[in-house]
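Welcome to this guided tour. Please open your viewer, switch to a cartoon view and keep the selection box handy.

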Amino acid sequence: MHSEKETKTQGAGEEPRLQNAGGRPKTLYMLRRAGMERLQRSGIDDAKTDSLLLLEAAAGIDLQQYLMRMQEPAGADVESAYDALISRRCTHEPLQYITGTADFCGLTFHVDSSVLIPRQDTETAVETALPYLTPDSRVLDLCTGSGCIIITLAKQAGLRDAAGSDISGKALAIAARNARELGCPDIRFIQSDLFEKITGRYDMIISNPPYIPSDVIGGLMQEVRDHEPHSALDGGADGLDFYREITAQAGAHLTPGGILLTEIGYDQGETAAALFEEAGFADVKAVRDLAGNNRVVYGRYVHV
C-alpha cells in the first residue's frame, strides 16, 4: 500500500514540495493529494477540484484517464510540471489563467491575463439577447474581451454579421483566436475606445463593460484584484462611467428599434435603467440572474 505522507519537514516558512519521501515513485493519486494539501495551506477554497484539474493539465489526461491510472507512477516530468502549476495557484493566480482556458455557455475559450475570465453571470446577457436575434441581425459586442459573448451569439443565433470591439489589442488577439477555433472566423474585431472607430448601425449592441467602483477594487478577492486586468474592471467612482458613455452614444449606431443590452453590477439595476431612459430608450427592463440579482439592463432605441 502506498504511503501518502508528505516529504520531510521543510525549513520554517518554506512551502513543501511534491516529491515523495524516500525517493519512491509517486502515483498520480499521491501527487494530487500532495497538491491539494499545498493549495489548502495557501487558502484556496476549492483545493480538491483545482488540484485535480491542474494534474489533468500537467499530465495531459482527462478525468476518466485519471481514474483509470491514478495508482500508476506519475513520472518525473509530470511531477515537475505539476509542481510548477500548483506553485502558481498557491499565489492565487486564477485557475483559468494557469490552464489557459475557461468554459462559457458550453464552449471552451482561450484566456490569459489580458482578458477577464468569462463568468456564469454573463451567460444571463447571452440568454436575454438570443430571443431577439435572427441570422440576419447585425450585432456589435462592445468591450468584447475574450469574445465569449459575440462568439456564443454568433454560433447560437447563426449570425452572419457580427462584430466585437475592445480598446485592448491583446484582448482582440485572444478574441480572434477564439473565433477561429470555435468556427466563427467571419466575426469582425475592431480596436476602438467604445464607439470611437465604430461605423454603421446595428440591430443590437451588447456589452459587459467595466462596472466596479474604483474604490471597491482593492477589496475584491485576491484572484480578481491581483490578476485580472483592472482596465476591464474599473467603472469609475460609482461604477457607471461606461454606462453613461454607452447609453449616450449607442443611439447613433442602432437601427430603428434596435436594442442596447448591458451586463450590470448586482446593485446597479435602477441607476443603469435610469441612464437608458434618459438617453431615449423605451421598454427598459432589468433581468435577474440565477442568484436573484439584477444582472442585465436592456431597452429599445426609438429614433426621432
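Helices here are DSSP runs of H or I with at least four residues and strands are runs of E with at least two, numbered from the N terminus. The model you are looking at is predicted, so local features need pLDDT of at least 70 and side-chain atom pairs count only at pLDDT 80 or more, while totals for chains, interfaces and linings use all residues. Residues are numbered from 1 along each chain as its sequence is written, and side-chain values use heavy atoms, with hydrogens and water left out.

**The whole protein**

Start with everything selected. The protein has 11 helices and 9 strands, and its C-alpha atoms fill a box of roughly 80 × 40 × 35 Å along the principal axes. Of its 304 residues, 50% count as buried (buried means under 20% relative accessible area, exposed over 50%, and partly exposed in between, with a 1.4 Å probe and protein chains only). Contacts, meaning heavy atoms within 4.5 Å, often link distant parts of the sequence: 65% of those with a separation of 6 or more join residues 24 or more positions apart.

**Stop 1: helix α2**

Select residues 47–59, which form helix α2. At 1.5 Å a residue, these 13 residues should span 18 Å, and the end C-alpha atoms are indeed 18 Å apart (the expected span is 1.5 Å times one less than the number of residues). Now colour A47, D50, S51, L52, L54, L55, E56 and A58, the buried residues of α2. What covers these buried residues? Show α1 (28–41), α3 (63–69), α4 (76–90) and α5 (95–99), which are included in the cover. Just past the helix, click on G60, which has a positive phi near 65°.

**Stop 2: α1 and its two partners**

Two packed helices are described by the angle between their axes and the distance between the axes. The axes are lines fitted to C-alpha atoms, for helices over the stretch in contact, and angles run from 0 to 180 degrees between N-to-C directions.

Keep α2 on screen and add α1. This pair packs at an angle of about 130°, with axes 8 Å apart. That makes α1 oblique to α2 (under 35 degrees counts as roughly parallel, over 145 as roughly antiparallel, 65 to 115 as roughly perpendicular, and the rest as oblique). To see the contact, show L28, L31, R32, G35, M36, L39 and Q40 of α1 with A47, K48, D50, S51, L52 and L55 of α2.

Next, swap α2 for α4. Here the angle with α1 is about 20° and the axes are 10 Å apart, so α1 and α4 are roughly parallel to each other. On the α1 side, the contact uses L28, L31, R32, G35, R38 and L39. On the α4 side, pick V78, E79, Y82, D83, I86, S87, R89 and C90.

**Stop 3: along α4 to H92**

Stay on α4. Its 15 residues should span 21 Å at 1.5 Å each, and its end C-alpha atoms are 21 Å apart, which agrees. V78, E79, Y82, D83, L85, I86, R89 and C90 are buried in this helix, and the buried residues pack against α1, α2, α5 and α9.

Most residues other than glycine have a negative phi. Which way does H92 go, positive or negative? H92 has a positive phi of about 70°. You will find H92 in the loop between α4 and α5, where it is buried, with a relative accessible area of 11%. C143 is also not a glycine and has a positive phi, of about 60°; look for C143 in the loop between β3 and α7 (148–157).

**Stop 4: P229**

Select P229, in the loop between α9 (222–227) and α10. P229 is buried, with a relative accessible area of 13%. Leaving out residues up to four places away in sequence, P229 touches Y97, S113, S114, V115 and L116.

**Stop 5: the largest nonpolar core**

A nonpolar core is a set of buried Ala, Val, Leu, Ile, Met, Phe, Trp, Tyr and Cys residues joined through side-chain atoms within 4.5 Å. The largest has 29 residues, of which L140, F195, I205, L260 and F281 touch the most other members. Elements giving two or more residues include β3 (138–142), β6 (202–207) and β7 (254–263), and the largest share, 4 residues, comes from α11.

Finish on F281. Beyond its neighbours within four places in sequence, F281 is in contact with T247, A250, L254, L260, F276, G299, R300 and Y301. Apart from this core lies another, of 27 residues, with A129, L133, A157 and A162 among them.
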